[in-house]
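Me: I would like a close look at one part of this structure, followed by what surrounds it. Please keep it friendly, as I am in my first year.

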Amino acid sequence: AKLLPDQKIVVHRNAGSDKAVLMSIGIPFPPGMLANTDNVRILDEHGAEVPAAVKTTLKWFFKDGSVRAVHAQFRATLDGDQQTFYFSVDKPRTMNDAGWPYADGLVGGEQGLRVPAAEATLMPEWLCASLIAGPQLPATPDEPYADYVSTQFKWARKLPTEDPSAWLFDRPTALFKAYIRSGRFDYLQAAVLSYRFYMKYIRRDGLPIEPWCAGGWSYGGKPCDVKYVYVEPIRLSLALTGDDSEYDARVVDNMMTEWETGGWNAPPGPYRSPSQYFTERLAGLGLLETVSGYELTGNAQYRSRIDDRICGCHHHKHDNPDGLGDDGSLRNSWNLHVNDSGNP
């Protein structure tokens, strides 16, 4: 079979010492490329097909309903630290494996977490072209921004386990996106560890409303603080690693319900008065996570909430109730943001 450079898979040893590993990988696809999983094959470094289990995990709900990501599983033997495979979509798969639960490929890791014995990286050219994280370009040699991210990673790599604020603005997603542009294994390794740590502290009991806040992030006592509730890393982890073991439909719906009820904040809705508490942070994160929830599930209810949030921002910008005119901004009182009395 023809081996395409941008369809290379590199399997890396991540933890443990067994040579035989159960390999799980997520492979994302751009819109319209893949209609079903029958043509997804896994090839060894010589082009020979190896037995694999392949299933659809994400679809392009916003577009044509084509496959957005698959979960591929195959068996690898690591004589060293890594081994090369490829994937292909040129003709039907002829060698199938029954597959296994994602958790079967996990071993013990730090902080009592279960982590993959092996992880696989894809090429940044493929990852960026797939649009799994929106418009991206592969990092180029000596690119200033890529160097900046790499320098930050040197001091931010260690898993933060004592400072809840280190998780604000979604550490796992930041690391997954750094991996997408670079293809770096150490970025993916850190992203997976951060994701599994994050999901460990998502509250699973109670109702998704205050004071229980099921679906909220309980680490640091913030289960009802929605700015710590992130659905995007669930979608990225599923698309890039195939990990479906940390959530189910109920967990996602609890997280989405937290955003819809507001948690410790007021429910989302139109900006009606300059005395109303409003932050761009909650508006932006709420929209982002609602979009991610729809991209993950295709739930029509989440889709309608996207429209509601966009319409609310549109009216805020074009019909601001503060009487100071409309300049296209989401103008609001910063006094209220810091819990003082409003003074527009």
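**A loop and its surroundings**

Reply: Let's start with C213, which lies in the loop between helix 4 and helix 5. Helices and strands here are DSSP runs numbered from the N terminus: a helix is H or I over at least four residues, a strand is E over at least two. The model is predicted: local features need pLDDT of at least 70 and side-chain atom pairs count only at pLDDT 80 or more, while totals for chains, interfaces and linings use all residues. Residues are numbered from 1 along each chain as its sequence is written, and side-chain values use heavy atoms, leaving out hydrogens and water.

What does C213 form with C224? The two cysteines form a disulfide, with 1.9 Å between their sulfur atoms; the term covers a pair of cysteine sulfur atoms within 2.5 Å. The pair links distant parts of the chain, eleven residues apart, although C213 and C224 both sit in the loop between helix 4 and helix 5 (232–241). The structure holds one disulfide, and the link is right-handed, with 105° about the S-S bond.

Is C213 buried or exposed? C213 counts as buried because its relative accessibility is 0%, and C224 is also buried, at 1%. Buried means under 20% relative accessible area, exposed means over 50%, and partly exposed is in between (1.4 Å probe, protein chains only). C313 makes a useful contrast: at 23% relative accessibility, C313 counts as partly exposed. The closest cysteine sulfur to that of C313 is in C311, 9.6 Å away, which is too far for a bond.

The backbone of the loop has its own details. C213 has a positive phi, near 60°, in a residue other than glycine. In the loop between helix 4 and helix 5 you will also find P211, and a cis peptide bond with omega of about 10° joins E210 and P211. Elsewhere, Q111 also has a positive phi without being glycine, near 55°. Q111 belongs to the loop between strand 8 (106–108) and strand 9 (114–116), and its 39% relative accessibility means that Q111 counts as partly exposed.

Now follow the chain back to helix 4. Its 16 residues should span 22 Å at 1.5 Å a residue, and the end C-alpha atoms are 23 Å apart, so the two agree. (The expected span is 1.5 Å times one less than the number of residues.) Of the 16 residues in helix 4, 14 are buried, and the helix is mostly covered.

What does helix 4 lie across? Helix 4 (residues 185–200) lies across strand 1 and strand 10, and runs at about 125° to strand 10. Such angles run from 0 to 180 degrees between N-to-C directions, using axes fitted to C-alpha atoms, for helices over the stretch in contact; contact means heavy atoms within 4.5 Å.

Those two strands belong to an open sheet of five strands in the order 4-3-7-1-10, with antiparallel pairing. At its edges are strand 4 (49–50) and strand 10 (118–122), each pairing on one side only. Two strands pair if DSSP finds at least two bridges between them. Strand 1 (residues 8–13) is antiparallel to strand 10, with five bridges between the two. Among the partners, R13 stands opposite A118 and I9 has L122 as its bridge partner. Strand 1 is also joined by five bridges to strand 7 (residues 82–88), again antiparallel, and there V11 is the bridge partner of Q83.

How enclosed is strand 10? Five of the five residues of strand 10 are buried, so the strand is largely enclosed by the rest of the structure. A118, A120 and L122 cover one side and E119 and T121 the other, all of them buried. Strand 1 is mostly covered too, with five of its six residues buried.

Finally, consider the largest nonpolar core, which has 78 residues; I9, V11 and I180 are among those with the most contacts inside it. Helix 4 gives the most to this core, with ten residues. A nonpolar core is a set of buried Ala, Val, Leu, Ile, Met, Phe, Trp, Tyr and Cys residues joined through side-chain atoms within 4.5 Å. Leaving aside neighbours within four places in sequence, I180 is in contact with residues including P124, C128 and L240. C128 counts as buried because its relative accessibility is 4%.
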